[in-house]
Amino acid sequence: MAYQTFQQEYMQMPLMTRAYTTACVLTTVAVQLDIVTPFQLYFNPMLVIKHFQIWRLFTSFLFFGSIGFNFLFNIIFTYRYCRMLEEGSFRGRTADFFFMFVFGGSLMIFIALFANLPFLGQAFTIMLVYVWSRRNPFVRMNFFGLLNFQAPYLPYVLLGFSVLLGNSIIVDIMGIVVGHIYFFLEDVFPQQRGGFRLLKTPGFLKTLLEGHAEDPNYEPLPEDRPGGFDWGANQPEIGRAHV
């Protein structure tokens, strides 16, 4: 019974969210079971170019560290904000969402060439959080019951949280910068006088990813409770998100 419930919930996840979070979890489990090692996954441009280890361009986004608090924190945020974007502003636009993945990931790979960053999954999560927060500017957030703020401040709260945990903030800053570039090119610049869309999803991606009918049993996350899980409260306030 529990398995059927889990399977039903899993299959109701939108395509991109299901694919990315599954890949992250399976990669972490493979490392935990010593099937692969982090040394086989991290981004190394020399190994990519000279030894044709192309998979590193992808696996560097899939590993958040060994199973523990850091992994759980990142995978929860990745799942939650990826799903809310896909069910919100990207609903019915799977190809556009995939193109955002490609654009953001490519830009991070380019920056990593100069910043010497081996793993980019956390930066990718911050990018998702940043885009969601800018597209939901009036949502009130509650961070672990300690801070109340508007959604656009969430990426910077997470940046401060990384400082408190003693983590490198370069990864968070990269996610914020890439998220802002995408948001500006997609949401701001086209609305300016003389502006236009610079990011255009290729037609073949639309044909490939949007050529299927929507599942009639599909149930998206409630849009009146965005922003993450309610940590500890019994009944969240309407219009307030808990992270």
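**Exercise 1.** Decide whether I169 is buried, partly exposed or exposed.

*Solution.* Take the classes: buried means under 20% relative accessible area, exposed over 50%, and partly exposed in between (1.4 Å probe, protein chains only). I169 has 33% relative accessibility, so I169 counts as partly exposed. I169 sits in the loop between helix 8 (154-164) and helix 9; helices (H or I, at least four residues) are DSSP runs numbered from the N terminus.

The model is predicted: local features need pLDDT of at least 70, side-chain atom pairs count only at pLDDT 80 or more, and totals for chains, interfaces and linings use all residues. Residues are numbered from 1 along each chain as its sequence is written, and side-chain values use heavy atoms, without hydrogens and water.

**Exercise 2.** Compare the span of helix 5 (residues 69-87) with the expected one, then state how covered helix 5 is.

*Solution.* The expected span is 1.5 Å times one less than the number of residues. For the 19 residues of helix 5 this gives 27 Å, and the end C-alpha atoms are 27 Å apart, so the two agree. As for cover, 15 of the 19 residues of helix 5 are buried, which leaves the helix mostly covered.

**Exercise 3.** Find which element gives the largest share of the lining of the second largest pocket.

*Solution.* A pocket is an open set of points on a 1 Å grid over the protein atoms alone, where a 1.4 Å probe fits, with protein on both sides within 12 Å along at least five of seven lines; lining residues have an atom within 4 Å of a point. Helix 2 (15-32), helix 4 (56-59) and helix 6 (94-115) each give two or more residues to the lining of the second largest pocket. Helix 6 gives the largest share, 6 residues.
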